[in-house]
Amino acid sequence: MNSTKKELPAEQREELLRALKTRFEKNMNRHRDLEWDAIQAKLEANPEKLWSLSEMEETGGAPDVVAYDDRTGEYTFYDCSAESPKDRRSLCYDREALESMKAHKPQDSALDVADAMGIELLTEEQYQELQQLGAFDTKTSSWIKTPSAVRALGGALFGDRRFGRVFMYHNGADSYYAGRGFRGVLRV
């Protein structure tokens with residue numbers, strides 16, 4: 001991932017904006033009262049946020065706008081890929097978990113990768129909101145932001161959808177699986 005220069009070249013920026021617009025138009029149920037031109041203007045005024053959206057896109061997240069906050073004037077993007085983003089799987093929860101492992105360590109942690117991308121993990125509430133927009137993680141699962149009280153006890157939370165329901169579970173923060181990644185949120 002590109003962590004030094006957080007601005008996209010013009011051609012890549014235009015390609016990303018086209019992809020985001022196409023996804024926006026195909027999924028109007030996620031953002032009924034929003035208009036693409038206003039979103040694009042906000043993105044073009046925030047090149048570092050556009051870079052983060054590019055990172056979300058490149059790792060398989062299929063980011064899409066899901067809300068607008070009148071108080072802050074910010075648009076909210078979630079990873080809307082059907083399954084947990086493919087290039088963000090097999091990660092433990094955080095740096096502490098990664099460093100505590102003696103052998104068979106994953107390549108990285110979900111929180112570190114999200115930070116490098118300029119995004120945050122979805123909270124439990126945000127994950128539930130996402131699941132109201134469609135059926136996500138029917139074959140995979142996604143780490144979600146874990147409350148500090150749970151993390152202090154060595155655990156971390158993840159969610160998925162099975163049997164027509166959304167489930168929230170816990171695991172050791174050092175666990176990692178080929179079918180578990182994380183979903184991000186970005187406010188622009």
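A contact here means heavy atoms within 4.5 Å. With that in hand, select the whole protein chain: among its contacts between residues at least 6 apart in sequence, 63% join residues at least 24 apart. What you have open is a predicted model, in which local features need pLDDT of at least 70 and side-chain atom pairs count only at pLDDT 80 or more, while totals for chains, interfaces and linings use all residues. Residues are numbered from 1 along each chain as its sequence is written, and side-chain values use heavy atoms, with hydrogens and water left out.

Next, switch to cartoon view. You will find seven helices and eight strands, taken as DSSP runs (H or I, at least four residues, for helices; E, at least two, for strands) and numbered from the N terminus. Along its principal axes the C-alpha trace spans about 50 × 40 × 30 Å.

Now colour by burial. Buried residues (under 20% relative accessible area, 1.4 Å probe, protein chains only) make up 45% of the 188 residues.

Then show side chains in the largest nonpolar core, a set of buried Ala, Val, Leu, Ile, Met, Phe, Trp, Tyr and Cys residues joined through side-chain atoms within 4.5 Å. This core has 34 residues, and Ile 39, Leu 43, Leu 50, Leu 53, Phe 77, Trp 143 and Phe 182 have the most contacts inside it. Elements supplying at least two of its residues each include α1 (10–26), α3 (47–58), β2 (74–79) and β5 (155–162).

For a last stop, select Val 66, Cys 80, Leu 122 and Phe 136: they are among the ten residues of a second, separate core.

Notes:
Buried < 20%, exposed > 50% of the residue type's maximum accessible area, 1.4 Å probe, protein only.
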